[in-house]
Each structure stands twice: as structure tokens, then as C-alpha cells.
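Open your viewer and keep the selection tool at hand. This tour goes stop by stop.

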Amino acid sequence: MTITKTDPKAKKILLNAFDMNCVGHINHGLWTHPRDESHRFNELSYWTDLAKTLEKGLFDGLFIADITGVYDVYQNGIDLTLKESIQLPSHDPSTLVSAMATVTKNLGFGVTVNLSYESPYQFARRFASLDHLTHGRIGWNIVTGYLDSAQRLIGENGLKDHDLRYEQAEEFLQLCYKFWEGSWEDDAVLKDKQQRIFTDPAKVHQVNHQGQFYRSQGVFQVSPSVQRTPVLFQAGASPRGMAFATQHTEGMFIGGDHPDKIKKQVDQIRRQATEQGRDPEAIKIFVGITIVTAETDELAQQKLDEYRAYASPEAGLAHYSSSVGIDLSKFADDEPIPYKKTNSIATVNDKFKEQQITPNDLKAQHELGGRYPLIVGNGATVAEKLIQLIDETGIDGFNLTRTVAPESHQDFIQLVIPELQQRGRYKTEYEQGSFRHKLFQQGDRLPSAHPVQQFRCQSSASTANTNLKQKQSA
């Protein structure tokens, strides 16, 4: 069926701003642009202003990336990383959330945390606390790490095997489920001043976990938050990563520069989710994208040319080197890069196995210092291309990277959002409720069909009834 511009049944586009608590995030080198303010990333007002801007544009979320470690593979060092500020320095993303939540009411916050370097208990406590303070607007992007430099920072020799990292992730998440969902009943907190009972002891349960990677015994310190479990995001695209993501996550981030390749990934994700016993639409799929827009197509092209003068394709190549675990500076510009198995990002590395790629090819892809698909044009042109990509591939939305901050988001909100709204493809107001409810319109908590269900505590009343029936039948 052909979807008309105003078809009320047409899929509404979901939109996250994609950023990082640093200067150079995806599109490297643009921090040198005279109008760019990303050097102010260590000022709280930079982030509160961004949050207010995004909420004005009805963005679903601000997705904040993070890494542990530094990009030290290219040229076997960090000189270029430091000079171009390639995600160095970078600060803890979770420190930003409370301040941004104070100046907004609806914007969600997806925060990247690498579980390989976290204690499950301390992490679960921090995110449950943030879910309280944001009134249910917190999400977690689950990552396992891919940098050897991170392992050295914490006193280990190198990365664990790729699949072993996912085994650890599985147990980490299960233990977090026990904390978030299995320790406190929903009605445990009474706040009864007359009876002097703040919490009913019968409705708080001890967690006992003895696993391969973690052990824990005791009561979770945080009472149930709005969502209990934060909205779960992940970007795993390897066979092991895909199995993990389709079992647990609610949002997946995928790459892809051609619609047919993106659609193939989407179909695979939906199929695997079904095989895992989940609703295939229970996973929202996002593609990273870069937009340069202006009042006319010609002015947008001029803006792109202006941005190119400040971008650093070589910095993008240095970032890419760490992503694949290969020093790309060793190859001549026109020399095909051979495949080499590493413990870094498997699906990015596999591209060298599938096709001949030279450093010149990568630099051409990194014309703005980043490798995400680039769309250039006026608001109508960009809107039509985004809609076409949604309809051809079956994705649900986009992670919009910044170019020159803050003008790139301001341009998008001023020029593209109204065009999407006129075509009936973008909301004109926020849904009420939590981050999860805004995304799925099915309530604040994970559904019973999700694997979290096996870790949820029974209410004390239902437990007592079960015990009574067992005694009566004995």
C-alpha cells in the first residue's frame, strides 16, 4: 500500500539526539569551526541548554555515548587523539542527567555504561536512583567494551574474548533484574506516619546470587522506581551480540549506508526476536545519521562545503582504527586493508573480509570526520529522504549526530521537524508517561513476555496463597 503524506496510520519517526560528554564525538574536527561550542562540554549550562532545545523539538531522547579507555591504535599512540580531541578528554555521562531532567519534563535520557568495568550492584543502584529523579526517563545503552587501553587502565592485560564478554553481560543483566525487579514489591513503601511504618518488611526480599562472574546477597537499597528496569538499548550486531540484544533489549542501534543492507538487518532482528519468543515490534530500531540542512538545497550544500573545511577525515580514520583494532596508518592511501581477526567491534572489522577497502575509501566516507550516512538539503528534502528510509527499511527512527554544536540541532528543529509534522510522520506533542511508555504506549514497565519476568518477585499475598494451597493439597 502506498502511504500518503497525511496517512494517520503511517509510522511516526522516533528521534534521539546522539552526543557524548566530550568535544569530538562522531564528526571529528568540527570543534575547530568558529561557531562550534562543544569545547564547553564541561559546563553544565551547555547540557541544560541542549536539553531544553531538544525538548522544544519534541525529541524522544538524548542518547549519550561513552567509552572507557582511549583511542591509541592509530600510529600506535594518542598524539592525534589528543590534538583532535577524539573523545579525549571525555567525562562520565551519568553526571549530566539530573541537571538536564530539572529543566525538562519529557525528554528521555539513554546513557551508555560499560558493564565490563562496573559492579552490578553499584550500577543498578545508580540507575534506579536516576529513574526516581527523572520520574521514569532513564535508559541504559548496554556495552561490553572493545578497547585494550581500557583493560590496561583497570590493571588487566587485554580484552576478554568477544563471546566471553557477552556471557558476562548476560549474568550482569540477570543480577540487575534481580535488584530492580526481585527485591521490593510494588506496594512495599507505605509512608504510614500513624503506624510508624515507612516500609512493610514482609514485602522486601533478599537477593541471593551465586554465578560465574558475580556473587551478591542482601536487599537492594532502592525502592521501586517508575520503570524499575531502565529502557534497555544495545548495538550488538555480531551473532553473539544479536542473540543477546534480541533477547533483552528494547532499542537497537544499527549501522548501514544502503537501504537494502539496513532492511536486511532489520528483517534479521525482527526474525530473531520472534524466535526468542518476543513480539518483533517490541524492539525499536535506530540508524545513526548526520544531517546538514538550510533554507534551500543550495545553501545546505554551501554549509556542507563550509563544514568540510574544518572536518578531519584523518581523525575519523584514527577513531575507526580503534573500532577495528588495526593501525590503519600503516597502509598506503590506495592499499587494500587486509582482514585481521581482533577482539574489537566484529561487524565493523568484518567489512575488510567482505570487500576491498583502502584508507582513501575510508577518508571519503569520513568527509565530515564521521562515518554515518550524510543527508544534505533543505527541510523538505531531508524530511522526504528520512521518510523514504523509514518506509524502505522498516527502521523506527534515527540517532541524529551533531556537526557544529548547537546549530546543527537548532537547524534540524527549525527546518526539518515542521516538514515531518506536515507529512504526518512526527508527533506534534509528547505522550504522557515514562520514557518506555512514550516509545511503546504500553505502560511504564517491561512486559511479562520479556525475560525479566522470571526475576520478578511475587507479592507477599500471592506467595502466602500459594503456600496455603500447597499445604492444603499435601
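The stops below cover a helix, some aromatic rings and two cavities in a predicted model.

**Stop 1: helix H1**

Select residues 44-56. This is helix H1, with 13 residues. From first C-alpha to last, H1 reaches 19 Å, close to the 18 Å expected at 1.5 Å a residue.

Now colour the buried residues of H1: Tyr 46, Trp 47, Thr 48, Leu 50, Ala 51, Leu 54 and Glu 55. Why look at the spacing along a helix? An α-helix has 3.6 residues a turn, so residues three or four places apart point the same way.

What covers the buried residues of H1? Show strand S1 (14-20) and strand S2 (61-65), then helix H3 (97-102) and helix H15 (407-422); the cover includes these four elements.

Step just past the end of H1 to Leu 58. Its phi is positive, about 60°.

**Stop 2: aromatic rings**

Next, the rings. The structure holds 23 aromatic pairs. Select Phe 172 and Tyr 214. Their ring centres are 5.7 Å apart and their planes stand at 80°, so this pair is edge-to-face; the angle is over the 60 degrees that this label needs.

Where do the two residues sit? Phe 172 is in helix H6 (residues 162-182), and Tyr 214 is in the loop between strand S7 (207-210) and strand S8 (215-218). The pair therefore ties together parts 42 residues apart in sequence. Phe 172 and Tyr 214 are both buried.

Move on to Phe 233 and Phe 435. This aromatic pair is tilted, with 6.0 Å from centre to centre and 40° between the planes. Phe 233 belongs to strand S9 (residues 231-234) and Phe 435 to helix H16 (residues 435-440). The pair links distant parts of the chain, 202 residues apart. Phe 233 and Phe 435 are buried too.

Widen the selection by adding Phe 18, Phe 63, Phe 253, Phe 286 and Tyr 372. Together with Phe 233 and Phe 435, they form one aromatic cluster.

**Stop 3: the cavities**

How many cavities of 30 Å³ or more are there? The count is two.

The largest has a volume of about 60 Å³. Select some of its lining, including Val 23, His 25, Trp 31, Asp 36 and Arg 402. The full lining divides into four nonpolar, five polar and two charged residues.

The second largest cavity has a volume of about 50 Å³. Among its lining residues are Phe 179, Trp 180, Trp 184, Phe 220 and Arg 228. This lining divides into seven nonpolar, two polar and one charged.

Technical notes. Residues are numbered from 1 along each chain as its sequence is written. This is a predicted model: local features need pLDDT of at least 70, side-chain atom pairs count only at pLDDT 80 or more; totals for chains, interfaces and linings use all residues. Side-chain values use heavy atoms; hydrogens and water are left out. On a 1 Å grid over the protein atoms alone, a cavity is a set of points where a 1.4 Å probe fits but cannot get out, and a pocket is an open set with protein on both sides within 12 Å along at least five of seven lines; lining residues have an atom within 4 Å of a point. Grid points are joined across faces, edges and corners, and a volume is the space filled by probe spheres set on the points. Ala, Val, Leu, Ile, Met, Phe, Trp, Tyr, Cys and Pro count as nonpolar, Asp, Glu, Lys and Arg as charged, and the others, Gly among them, as polar. Rings of Phe, Tyr and Trp (its six-membered ring) pair if their centres lie within 6.5 Å; planes under 30 degrees apart count as stacked, over 60 as edge-to-face and the rest as tilted. Buried means under 20% relative accessible area, exposed over 50%, partly exposed in between (1.4 Å probe, protein chains only). The expected span of a helix is 1.5 Å times one less than its number of residues. Contact means heavy atoms within 4.5 Å.
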